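Hi everyone, thanks for coming. I'd like to walk you through one structure today, so please have a look at it while I talk.

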Amino acid sequence: NNTNNKDIIIMADSSGDWCTIESDPGVFTSLIESFGVKNVELTELWSLDDESLQTLTAPIEGVDNAAVHGLIFLFKWQRQSSSATASLEGRGTPLTGDAVPEGLFFAQQTVQNACATQAILSVLFNARDAIVAQEGGESKDEGDDNGRRLVLGQTLSNFKDFTCHFPPDLRGEAIGSSEEIRTAHNSFGRSEDAFLSDPTKPKRMATDDDDVFHFIAYVPHENGCVYELDGLQQGPIRVGEFKKDEADKDQWIKVARDAIQARLSNYSPTEIKFNLMAIVQDRRTYLNERLSALAAIGIEENDPAMVHIQSELHAEEEKRAQWALENARRHHNYLPFCVELLRSLAGSGKMDGLMTKAKTTAAEKRKRQQKS
């Protein structure tokens with residue numbers, strides 16, 4: 001139902017201060033950690049079946065209540081996607097004014113290319129039982145539930161407190177004008193993008209022929225409803241209800257899943273450019289907790305159960321190291337190397353032959369595509 005969209009670039013709506021960033025769990029996890037957020041990460045969902053959803057809350061044996069704070073859905077934007085006739089697509093009407101549930105954070109998107117960060121913030125600001133920092137760095141709730149609870153961090157705690165009484169449009173403006181949030185977002189842009197852009201020319205706007213992608217969020221609320229948070233709408237959209245059952249913590253996820261499937265039904269069956277991620281509890285927190293629990297009952301380190309958990313924990317650390325490596329490569333500007341390589345090929349007289357070969361290969365590829 002979804003696909004690996006690391007090469008899909010996120011786009012959206014109006015100002016030029018925000019760069020495009022890749023749709024990737026390593027990018028987004030590093031982004032939120034740069035805000036000071038702790039105990040969470042992003043993970044991709046490859047299927048929408050019940051078993052896949054259950055692995056979010058019960059990822060390993062002995063853990064059946066891992067936190068899932070929200071879903072982030074990437075889709076190809078269609079003109080009707082942000083129209084006021086959302087109900088015609090099987091969705092509800094955007095809620096405004098007093099109809100918005102108390103405590104539900106929603107911000108309208110007012111700047112271009114910010115939809116990914118805005119969707120992530122929508123989940124973080126609506127996370128239940130999040131630990132919010134006070135001025136000076138102290139948290140308002142010292143009990144972190146053994147590292148399970150989301151720690152919002154000073155930057156986002158201050159922002160949430162500052163904008164808590166703002167209307168959605170001003171919240172969007174506040175996000176767009178936040179130097180800390182914008183700097184963190186732009187740090188994951190590609191260096192060559194800035195190099196190739198001409199500041200003397202107006203930015204090219206997307207046309208009807210371009211593929212434009214947009215991010216939205218799905219979050220549960222304490223009133224027992226699930227809401228779609230789309231910054232291009234006037235307000236949050238209620239997509240369904242769920243029972244707050246301690247024995248079935250993924251009920252709200254199934255409600256969100258149904259809403260996502262309804263969106264997918266509006267696209268051609270051949271359309272595959274979708275991506276779904278969940279903002280979940282950092283896997284290392286409950287793996288370490290499981291290790292401590294086994295050690296507390298006298299399980300030896302060489303016991304298969306301990307070895308398995310240690311192996312899982314090692315895999316998580318390797319995943320984080322790979323994310324850091326990939327992000328370093330994203331930050332690096334390869335353009336000077338490419339220019340120097342082309343100059344060297346031209347100087348050695350090999351350029352013309354390589355260009356001829358490339359043109360021949362491209363022509364043959366087009367012929368094969370036309371035949372198929």
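**Rings, a buried aspartate and confidence**

Let me start with a charge and a ring: Arg263 sits over the face of Phe75, 4.5 Å from the centre of that ring. Before going further, please keep in mind that this is a predicted model.

Phe75 has aromatic company. Together with Phe73, Tyr267 and Phe274, Phe75 belongs to a cluster linked by ring pairs. How many aromatic pairs does a search of the whole structure find? The search gives seven. Let me pick out two of them.

As a reminder, a pair of aromatic rings is described by the distance of the centres and the angle of the planes. Take Phe73 and Phe274, from the cluster: the ring centres are 6.0 Å apart and the planes are at 10°, so this pair counts as stacked; the cut-off for stacking is under 30 degrees. Phe73 belongs to strand β2, residues 68-76, while Phe274 is in the loop between α8 (251-264) and β6, so this pair links parts of the chain that are distant, 201 residues apart. Are these two residues buried or exposed? Phe73 is buried, at a relative accessible area of 3%, and Phe274 is also buried, at 3% relative accessibility.

The second pair is Phe105 with Phe125. Here the centres are 4.7 Å apart and the planes are at 55°, so the pair is tilted. Phe105 is in the loop between β2 and α3 (115-125), and Phe125 is in helix α3, 20 residues away. Both Phe105 and Phe125 are buried.

Now over to an acidic residue I'd like you to find on the screen. Where is Asp282? You'll see Asp282 in the loop between β6 (275-281) and α9 (283-296). Asp282 counts as buried because its relative accessibility is 5%, and the cut-off for buried is under 20%.

What is Asp282 in contact with, once we leave aside neighbours within four places in sequence? The list is Asn39, Val40, Glu41 and Arg320. For Glu41, the C-alpha atom is 5.2 Å from that of Asp282, although the two are 241 residues apart along the chain. The side chain of Asp282 also makes polar contacts with two arginines: one of 2.8 Å to the side chain of Arg284, and one of 3.3 Å to the side chain of Arg320.

Let's zoom out to the whole protein. There are twelve helices and six strands, and of the 372 residues, 44% are buried. If you take contacts with a separation of 6 or more, 73% of them are between residues 24 or more positions apart. The accessible surface comes to about 19600 Å², with 50% of it belonging to carbon and sulfur atoms.

Finally, a word on confidence. The average pLDDT of the protein is 84, and 81% of the residues score at least 70. Among the elements, strand β4 (residues 225-229) has the highest mean pLDDT, 96, and helix α7 (residues 191-196) has the lowest, 53. For residues 1-15, pLDDT is below 50, and the model gives this stretch 69 contacts beyond near neighbours in sequence. Residues 81-88 also stay under 50, with 18 contacts beyond four places in sequence.

That's my tour. Thanks for listening, and I'm happy to chat about any of it.

Key: Residues are numbered from 1 along each chain as its sequence is written. This is a predicted model: local features need pLDDT of at least 70, side-chain atom pairs count only at pLDDT 80 or more; totals for chains, interfaces and linings use all residues. Side-chain values use heavy atoms; hydrogens and water are left out. Helices (H or I, at least four residues) and strands (E, at least two) are DSSP runs, numbered from the N terminus. Buried means under 20% relative accessible area, exposed over 50%, partly exposed in between (1.4 Å probe, protein chains only). Contact means heavy atoms within 4.5 Å. A polar contact is a pair of N or O atoms within 3.5 Å; within protein, one must be able to donate a hydrogen and the other to accept it, and residues adjacent in sequence count only if both atoms are side-chain atoms. pLDDT is the predictor's confidence in each residue, from 0 to 100. Rings of Phe, Tyr and Trp (its six-membered ring) pair if their centres lie within 6.5 Å; planes under 30 degrees apart count as stacked, over 60 as edge-to-face and the rest as tilted. A charge sits over a ring if NZ of Lys or CZ of Arg is within 6 Å of the ring centre and within 35 degrees of the ring normal. Accessible areas come from the Shrake-Rupley method with a 1.4 Å probe; for residues, only the protein chains shown count as cover.
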